[in-house]
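Q: Could you walk me through this model? I'd like to start with one side chain and work outwards.

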Amino acid sequence: MLIAGAFGTGWYFANARHEQHEKEKLPAESAATKERSPNVVVTAEQVTHRSVQRTVDALGTLYGFEEVPIIARVEGRVRRVLHDVADRVQPGELLLEIDPTDYDLAVQQSDKAIQVELAKLGLNEPPKSKQDLVNVPIVVKAKSLMEHAKTRVDRLSRLAQSKNASAEDLDNASSDYRTAQAEYDNQVIQAEAGLATIQLKQVDLMVAREKLINTKLNAPSPTMAIPGVDQVTYVVSQRSVAEGTVVQPGTELFRIVISQTLKLRAPVPERFGAEIQNGQTVQVFTASSAKPYAGTVTRIYPTVDTTTRTFQVEILVPNPTGELKPGGFAKASILTHVDSQAATIPLAGLMQFAGIIKIFVIDHERAREVPVTLGTQTTEWVEILKPELPPDTLVITSGQTAIANETPVTVRSADIDNRRDHAAPPATKHDGAVSKQSAAGTRE
């Protein structure tokens with residue numbers, strides 16, 4: 001029993017010292033174990049440089065090439081309305097007719113007034129000038145009497161010199177001549193006054209005829225050429241009256257639009273003034289269609305709005321089929337230039353947390369977090385505008401949820417080799433990428 005007790009006591013103390021030794025070694029062994037733990041395995045791809053079409057985006061409104069209000073020019077009751085909204089009309093085609101009865105009578109009245117004045121002068125048609133007044137009968141008569149009196153004066157003067165006529169007879173003849181001359185001058189004045197009255201009546205007649213013509217309202221005939229349009233056609237966009245309506249001068253009756261070609265007017269921030277040029281191609285997007293429409297910058301307004309700090313750009317948009325509607329909302333992407341060295345990464349490399357968009361790049365076998373600003377984006381890749389990424393930068397494309405800043409990582413070699421074997425050359429303009437440089441000044 002003594003031997004067994006001694007053996008048990010010795011075993012206890014020996015075991016206690018062994019446990020203590022193991023506890024002292026545990027921290028160091030744990031650190032070694034930690035050092036031997038594997039890195040996070042991720043996949044990565046290098047930054048790719050592509051050719052990207054830069055644009056300036058702007059929002060605006062579509063307008064007809066020409067929008068013409070048809071205004072009543074005379075007072076009267078509408079007799080006929082020949083067209084309604086959405087009708088297509090040709091230049092010169094009759095749209096509306098106002099009752100012409102009163103204006104027809106006014107024309108007849110003015111014509112009769114001219115005939116009365118002509119009758120006073122004894123003419124059948126108005127004289128063309130004052131020189132023609134010598135042919136007016138009353139002037140001809142007065143001239144004849146004046147010449148007869150002058151002949152009598154001349155004869156008596158010769159007789160008086162030979163003592164064959166008295167001085168009294170010569171004085172009477174001279175007085176008659178002066179009277180005849182005054183009468184002639186008076187008849188000429190009366191004829192000139194009659195001519196002026198006739199001319200006034202002729203103006204009244206022209207005014208009456210013009211009012212009679214204005215009772216018929218026709219579509220105007222444009223004199224300015226419209227690009228891409230051979231035969232101009234108007235479409236009625238608004239009708240404001242009905243048959244029987246009494247209208248006043250200045251009342252808008254119709255509004256017609258040339259919609260075969262539209263004008264898109266859009267405000268552009270003044271900082272893009274050097275990038276916008278006439279003739280640039282524009283892609284126009286509308287809510288009514290998924291496809292873009294081609295347009296061209298045709299006019300750049302020379303002034304900047306002091307309130308919005310923008311200048312107007314006018315874009316011509318062909319619309320031969322009438323798919324686009326005047327007054328519609330549209331977005332314009334003005335193609336400015338091509339950037340051949342745009343840095344892009346796969347979409348899988350993006351992460352977003354708390355509103356911050358970032359990527360992870362590999363720096364000395366560690367993940368480094370980089371906040372980024374995005375540019376052009378497609379279904380496969382996205383452009384990194386800021387910061388500038390060197391061409392050999394490796395961007396982590398999977399495993400981001402298991403890493404943080406400065407986390408040691410290991411790139412799966414097979415993915416790198418596969419990516420290098422199938423890497424596409426930098427894209428060209430045919431990639432169809434269009435940068436999202438908005439008119440508000442931000443790049444999406």
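Q: What is the relative accessible area of Arg80?
A: Arg80 has a relative accessible area of 37%, so it counts as partly exposed. On this scale buried means under 20% relative accessible area, exposed over 50%, and partly exposed in between, with a 1.4 Å probe and protein chains only.

Q: And what should I keep in mind about the model itself?
A: This is a predicted model, in which local features need pLDDT of at least 70 and side-chain atom pairs count only at pLDDT 80 or more, whereas totals for chains, interfaces and linings use all residues. Residues are numbered from 1 along each chain as its sequence is written, and side-chain values use heavy atoms, with hydrogens and water left out.

Q: Back to the side chain, then: which residue forms a salt bridge with Arg80?
A: Glu97 does, with the closest N and O atoms 2.9 Å apart; a salt bridge here is a side-chain nitrogen of Lys or Arg within 4 Å of a carboxyl oxygen of Asp or Glu. The pair links distant parts of the chain, 17 residues apart, with Glu97 in strand S5 and Arg80 in strand S3. Strands are DSSP E runs of at least two residues and helices are H or I runs of at least four, both numbered from the N terminus.

Q: Is Glu97 buried or exposed?
A: Glu97 counts as buried, because its relative accessible area is 6%.

Q: What about Glu369 and Lys358, how do their side chains meet?
A: They meet in a salt bridge, at 3.2 Å from N to O. Here too the pair links distant parts of the chain, since Glu369 lies in strand S16 (residues 366–371) and Lys358 in strand S15 (residues 356–363), eleven residues apart. Glu369 is partly exposed at 32%, whereas Lys358, at 13% relative accessibility, counts as buried.

Q: Which residues do shared salt-bridge partners join into one network?
A: The network consists of Arg77, Arg79, Arg80, Glu97 and Asp99.

Q: How many salt bridges does the structure hold?
A: There are 18 of them. One of these joins the side chains of Arg54 and Glu383 at 2.5 Å, N to O, and this pair links parts of the chain 329 residues apart, with Arg54 in strand S2 and Glu383 in strand S18 (residues 381–386). Both partners, Arg54 and Glu383, are buried.

Q: Switching to the sheet, in what order do the strands run in the open one?
A: Four strands form it in the order S6-S5-S3-S8, and the pairing is antiparallel. Its edge strands, each pairing on one side only, are S6 (216–218) and S8 (246–247). Two strands count as paired if DSSP finds at least two bridges between them.

Q: How many bridges join S3 and S8?
A: S3 and S8 pair over two bridges: Gly76 has Val247 as its bridge partner in S8, and Arg77 stands opposite Val246. S3 also pairs with S5, over three bridges in the antiparallel sense, and there Val81 stands opposite Leu96 in S5.

Q: Now the interior. How many residues has the largest nonpolar core?
A: It has 26 residues, and those with the most contacts inside it are Ile70, Leu96, Tyr234, Val247, Leu253, Phe254 and Ile256. A nonpolar core is a set of buried Ala, Val, Leu, Ile, Met, Phe, Trp, Tyr and Cys residues joined through side-chain atoms within 4.5 Å. At least two residues of this core come from each of S2 (48–71), S3 (76–81), S5 (94–98), S7 (234–239) and S9 (252–269), with the largest share, four residues, from S9.

Q: What is Ile256 in contact with?
A: Leaving aside neighbours within four places in sequence, its contacts (heavy atoms within 4.5 Å) include Glu66, Val68, Ile70, Ala219, Tyr234 and Val236. Apart from this core lies another, of 24 residues, among them Ala149, Val153, Leu170 and Leu205.

Q: And for the chain as a whole, how many helices and strands are there?
A: The protein chain has five helices and 20 strands. Buried residues make up 35% of its 444 residues, and residues 24 or more positions apart account for 75% of the contacts with a separation of 6 or more.
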